Amino acid sequence: MDRKSISLPRLAVKFGLIAGFAIIYCAAVGMTSRFFSRTVINEVLNLGDFLFIAFCLIAGYALGKPRALPGDAVPDRAQPTAVAYGAMAGAVAGLTAWLFLFIASNVELRSVLISVTTSLVERMSYGGSLGSALLFYVVGGAFLGALGAAPWLLEQRKRTALVVAFAMTVVISLSEPLLRPILTTVLLKVRLTTSWLYFGGGLSRVGAIIVFLASGLIYYFWKTRGEEVQSRFGDMPDQQRQIIKIGALVLLVAFLLYLPAILTSFLAEVLGTVGLYVILGLGLNIVIGYAGLLDLGYVAFLAVGSYSTALMLSTRHPWGLEWSYLLAVPITILIAIVIGIMIGAPVLRLRGDYLAIVTLGFGEIARIVVLSDWARPIFGGAQGILGIRAPELLGTTLREPEKLYYAIVICVLIVAFISVRLSKSRVGRAWNAMREDEQVAEAMGISIIGYKLLAFATGAAIGSISGIFFAIKLGSVFASSFNIIVSINVLALIILGGMGSIPGVIAGAFVLVGLPDLLREFADFRLLIYGAILVALMLFKPEGLIPSRRRKLELEAASEEEDTQYDKRAGEGGTEPVVTTT
Amino acid sequence: MRFALPERLSLQKIIQLILAIVLVIIVLVSSSKTLDTGRFTGAQWRSLVVNGIALGSLYALIAMGYTLVYGILFIINFAHGEVFMAGGFTAFFLARTLNNAGFLNENPLVSLILLFAVGMLVSMLIAVTLERVAYRRLRGAPRLVPLITAVGASLFLQNTFRGLYGAQVRSYPEIEMLSGRVNILGADIPKVSLLTIVLAAVLMGALFTFITKTRTGRAMRAVGEDKEIASLMGIDVDRTIVNTFAIGGLLAGAAGVLWGLIFQVSFFMGFFPGIKAFTAAVLGGIGNVVGAGLGGLLLGVLESVAPNLLLIGWDVPSPNQLTDVIAFSVLVFVLIFKPGGILGSDEAEKV
Amino acid sequence: MSLLEVKGLTKRFGGLTAVDSVDFHVDQGEIVGVIGPNGAGKTTLFNIVTGFYDPDEGEMRFDGKSLVGLKPNQVTNMGIARTFQAIRLFPAMTVLENAMVGQHCRTRAGLIGAIFRGPRTRAEERKIEERARDALGFFGNRLLPRADELSSSLSYADRRRLEIARAMATEAKLLLLDEPAAGMNPQEKEGLVRLIGRLRDERNYAIVLIEHDMPVVKNVSDRVVALDYGKKIADGTYAEVASNERVIEAYLGARHEESA
């Protein structure tokens, strides 16, 4: 029997079930009900319904991908039958989702699953009876599944253009809280409104069509023409390329500095937070990405920076130091460096996961001590330290989000500059070598102790800078802000963005820190989505979104090798330092 | 001027020795100061110790799961705390239903059996799913990757249950059979604690027998030693790994229900116990099942007794706030100075 | 005085004596081959000399100075560089970067230099790159043109070459090569023999190599040292060692006519 035609129905059922369970999951966990209140396309689609649509489409799309028996070439596009199987997957998804509704209508689930309320069930049945809902879900699912598989009938560029168009529409719709205020300010200058694009909390109908068509077409033409541009770019001599790259960078920086003029206060504040996390990310990037030291307690340095600043600058602290920023900043950084070395020294010999746990332990110890009543005379216990004066610089007080934003951006640029310089220097090479093969690196003259401590110290210094800004921003510090979730946040963003790569860190910060602040409906599910993203990333794309070239190949190489003898037991003793005995 | 040390490690060893001596001195001095104050009576100390043993039994049960998985896959299953939580939290709802039907207190024994069954089953399911979805594909990956996956899975599970069951902290309904205290060997302990200690001991004994005497247990040990050879011997490596996770899940589920009976349940209840259980596993020697048990008990007693014993003498306010500091400090010290734990191999050489 | 002198070197691992009272020396400009059956202690000897293990007994001197108790980076600083049995390059660094790491022990720029890139740092970086390229250039057209490719993309033989280039970049006087011919076909082995000869002739290195391939050892070594069960059992020219009864016995376990 033809293997292909047997496995496709099974795959259809499998994908359908997965999609169906995903829909049920979102409903059970409370996402669906929250998402109903968010508009995607004005008066047409909300986010809750969109979940159902998206999962069915994805099931169809995943199914439509042409598969070949081993040994055969994979065809470029699918047969028309793929659409039928896509429909099947969608129908299964719909049926599964409906079964959930059926159970939920007949059994009182709310006492256990608090999100499965009668109103949710009603809403998900679209106001009709269970019977009509069945029809709706199965037929609707089938239609969507077919639609999801359909792009595979086209050739690659057109197909990707469709996917891109769809994705961009969703992204731009969801970015409404960010983009609409900016566009409003900009367009106001030319006496235009934004209501053609955004209306009612999401895209307007017209706007959706425009975005869909525009992004699809732009992508398509970029791909066809873009190759020419790219090859021309590659042919240019190094000097010219450098100039263009620097030019682009300058433009970007100028844009960043101009930004507050068109942003609202709220957005400036959000961007400020993003900037803080970028700084943290760059710091942790040096510790983990360059030197390979897995630090899960990085929040400790944020805390050190914030608390030192608070101690030296608070108007309400019993110590009453009230020094100036000129004094406080260098002292804070110094303290952080010392603490960084103190933390680094005992853990020099530890391997990967053990190092992670120990640093996590340190972070938690610091948090608990700082929070305790015992240390209250210094750290203020649960109340924290209040009344931190804002710095005065060049005649203004850095209190408003906009002004703080400038300071943060400048700091980000400085830290990024330092990161780049470090990565291309002897120090950076030493860190890389140490990360890739500690023993050989040591044989090359690299002092492992020295460079590990240097990494910790540098990471600490950078983290504390972020901490200083944090204290200024809030005007106070509370121990509860410095928990392990922050460390995980920073770790997640450099992994998402791509470890070791600076643009990656920035991208990661925007996605993981900026977006949740903007997408209110996601706020409750932020950590859930983080967790899912981390797992998905590690399973499918461990090198991140914008990986540095070396990282990607490192990970590919490492996963192909067997665990070599000297790698087998992490942290346990008795392994030989060099390979085999002859 | 450099001085050549005959043994490169001796400087470190000297530092460790000094630190160990200092630590012992601190403990002795603090303890005597506290005992001098006479704040606690002998009976109260005994009670603290017994509570510590009960708590330690719970840590031991959870620690078994960590150590089993580490022994076989060499990854720290950061999400094991959530496996523990899943069972304990889910069983709460059954308990509540049984209570509303009056069944709980009419047939306490049957109810308890049901609670444990459900809790252990749910935890086992979560553990097995975790392995299948998150860890299976990552078997050869560099160490960083499974660790981050575990962290992500932990976050995901925590918040999934938060979404499913709500963010509220819940208390198990009162089971009359278990309320009140009982007098054993002169100590006055809550009945729940007695149940905990006994049940945990039984389960751990069962586990030990299982690992040493059954075919599946031998397979688990074989896969832990050398995956390839084990598969050449006809052992189904995948199945064995699933079994390992399943057993760890069962034990954690039992611990979850017990935890619910003694304390409370919430979506967050797995985080700290998870880390402490990991500490216990490391303390006893990671990969060593007996060690996990000993480590758990030790840590439990330490946690129960140490804050009061060490800190009251120095007039530290609210010493119990710092309980976790003690647990984490133990973790940090053990990992730094003796990563092999009590029963494991000696300090890790520089790799 | 010999460049490297080892006297009575002993190393035990628990009950096993891996290296047992070994004496040997290497003179300036000499190529010494070290042979012996598996487990004879050859790599362990390398590990001790380069500072990965501390000897239990015995002396080692390089250029008159004692090597005992030195850490690997200190040994490299003194002028001894090595390659490994299983090639240990830095896989995610480029060919050039791998060689540049070799220069680490001869340079000094630190954090401040990295950030500010003053004239001294820049001069140093130039020197590093120069020396690295010079080491790569020793191998003709095989490595230099691929300087900016990742080292993991090289062929097996080229990776061996890069490992040697990296060792050369440390400005060593003595090279310890651990089974450099492993995994090579006959032509590559001939090339290797020529290469090692050139290393000595053109760059004045003293070389010790562990090898199992007898023709290679014969063609390249000035002297051969044979080990068995940690003890030195022969020391002389190839002809002398190859016809030594104890050596033959060690390899074959019985009296046998030499056939290499």
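**Notebook: a sheet, a hairpin and a chain contact**

I looked first at strand E1 (residues 4–13) of chain C, which pairs with E2(C) in the antiparallel sense over seven bridges. Strands here are DSSP runs of E with at least two residues, helices are runs of H or I with at least four, and both are numbered from the N terminus. Two strands count as paired if DSSP finds at least two bridges between them. The model is predicted: local features need pLDDT of at least 70, side-chain atom pairs count only at pLDDT 80 or more, and totals for chains, interfaces and linings use all residues. Residues are numbered from 1 along each chain as its sequence is written, with chains lettered from A and ligands numbered from 1 in the order in which they are written.

I looked up the partner of C:Val6 and found C:Phe24 opposite, in E2(C).

Helix H1 (residues 42–49) of chain C packs on the sheet and touches E1, E2 and strand E4 (57–62) of chain C. Contact means C-beta atoms, placed from the backbone, within 7 Å. The direction of H1(C) makes about 70° with that of E2(C); axes are lines fitted to C-alpha atoms, for helices over the stretch in contact, and angles run from 0 to 180 degrees between N-to-C directions.

Next I checked strand E9 (residues 223–228) and strand E10 (residues 231–236) of chain C, which run antiparallel and are joined by five bridges. C:Ala226 has C:Ala234 in E10(C) as its bridge partner. Two residues lie between the strands of this hairpin, where C:Tyr229 takes a positive phi near 50°.

Last, I noted that the contact of chains A and B takes 53 residues from chain A and 51 residues from chain B. H6(B) gives the most to the chain B side, with 16 residues.

Conventions. Two residues are in contact if their C-beta atoms, placed from the backbone, lie within 7 Å.
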